[in-house]
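Grab your viewer and a coffee, and let's work through a few exercises on this model. Each one has a task, then a solution taken step by step.

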Amino acid sequence: MHQIACAVIVLTLLPRGGSGDADDAFAKQDCRVDAFPTQTDFSPAAYQGQWYTVAINRYWMEIPFLTNWFPPSDVQAVYTLDDDGNIGIQTGGSGLLGFLCSGTKGLGVAPNKDFPQKNIVTFPGTLFGWFIGAKPYWVLRTDYTGFAVVYACWAQVDDGTCKPGKEFVWTLNRNPEGHTPDQWQQINAIIKDVCIDPSKMKPIKQTGNCNIKDKKLPKDEV
């Protein structure tokens, strides 16, 4: 029962598919997923540590109207680099109604070591991992000490663009208080580069009531 409850909480922290058709503003833009620019010379070692989610383009939520009234909060992740160059993940936050701090552990592996910014993330041995499967995690841009922008396309269509409702982007910051105006200016341009309207980003509040870094998570918690 505890595992099922935790899985429901963590699922509210992830983006959900919905209407995601590219806006007219992107009609003349190359929106093929493989054409999107990602972080060059990415350093997984410098990317390690704790990150706080600041904004996301859509939530994963079984009952959408509940998310509007009670959005998830304290979404964050802690990344660690292992001896094989893979990225260990500890992620989670507060679920519905802002309580029940929970999380899970996962692993990020770059299929092509020449592109360490393009990982496939799994949560092996967990109910959450069984539900979500293996999903991409692309670092579009990061300065390592301030902000990061992450993108994932869960399904492509025949022309190489992302299937509407399957394109996800979220922003991270080392500071739980969020992005500076200068960072937001950079981030908005990066989000447009992947054919997503920055105005669709939804804020994630960091209340300080749930700190994933301090939480001891067994691999099968969810």
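**Exercise 1: two rings and their partners**

Task: Are Phe 36 and Tyr 151 buried or exposed, and how are their rings arranged?

Solution. Phe 36 and Tyr 151 are both buried, where buried means under 20% relative accessible area, exposed over 50% and partly exposed in between, with a 1.4 Å probe and protein chains only. Before going on, some bookkeeping: this is a predicted model, where local features need pLDDT of at least 70, side-chain atom pairs count only at pLDDT 80 or more, and totals for chains, interfaces and linings use all residues. Residues are numbered from 1 along each chain as its sequence is written, and side-chain values use heavy atoms, with hydrogens and water left out.

Next, the geometry. A pair of aromatic rings is described by the distance of the centres and the angle of the planes. The rule used here pairs rings of Phe, Tyr and Trp (its six-membered ring) if their centres lie within 6.5 Å; planes under 30 degrees apart are stacked, over 60 edge-to-face, and the rest tilted. That rule gives 9 aromatic pairs. Phe 36 and Tyr 151 form an edge-to-face pair, with 5.4 Å from centre to centre and 90 degrees between the planes. Phe 36 is in the loop between α1 (2–11) and α2 (44–47), while Tyr 151 is in strand β7, so the pair ties together parts 115 residues apart in sequence. Helices (H or I, at least four residues) and strands (E, at least two) are DSSP runs, numbered from the N terminus.

**Exercise 2: a ring cluster and two charges**

Task: Classify the pair Phe 42 and Tyr 47, then find which cluster the two rings belong to.

Solution. Start with the numbers: the ring centres of Phe 42 and Tyr 47 are 5.2 Å apart and the planes are at 65 degrees, so this pair is edge-to-face. Phe 42 and Tyr 47 are both buried. Now follow the ring pairs outward: they link Phe 42, Tyr 47, Trp 51, Tyr 79, Tyr 137, Tyr 144 and Trp 170 into a cluster.

Rings can also have a charge above them. The test is NZ of Lys or CZ of Arg within 6 Å of the ring centre and within 35 degrees of the ring normal. Lys 118 lies over the face of Trp 138, at 4.2 Å from the ring centre. Lys 135 has its charged end over the ring of Trp 154, 5.0 Å from the centre.

**Exercise 3: the nonpolar core**

Task: Which residues have the most contacts inside the largest nonpolar core, and what does Val 150 touch?

Solution. A nonpolar core is a set of buried Ala, Val, Leu, Ile, Met, Phe, Trp, Tyr and Cys residues joined through side-chain atoms within 4.5 Å. The largest one has 25 residues, and Tyr 47, Trp 51, Tyr 79, Tyr 137, Val 150, Trp 170 and Leu 172 have the most contacts inside it. Elements giving two or more residues to this core include β1 (49–56), α4 (127–132) and β8 (167–173).

Then zoom in, taking contact as heavy atoms within 4.5 Å. Leaving out residues up to four places away in sequence, Val 150 touches Tyr 47, Tyr 137, Trp 138, Phe 168, Val 169, Trp 170 and Leu 172. A second, separate core of 20 residues includes Val 33, Phe 147, Val 149 and Cys 195.

**Exercise 4: prolines and a glycine**

Task: Where do Pro 136, Pro 116 and Gly 85 sit?

Solution.
1. Pro 136 is in strand β6 and is buried, with a relative accessible area of 18%.
2. Among the residues Pro 136 touches are Asn 119, Ile 120 and Trp 154.
3. Pro 116 is in the loop between β4 and β5, and is buried at 19% relative accessible area.
4. Gly 85, in the loop between β2 and β3, is partly exposed at 36%.
5. Pro 116 and Gly 85 are 31 residues apart in sequence and 8.9 Å apart in space, C-alpha to C-alpha.

**Exercise 5: the whole chain**

Task: How many helices and strands does the protein chain have, and what percentage of its residues count as buried?

Solution. The protein chain has 5 helices and 9 strands. Of its 222 residues, 50% count as buried.
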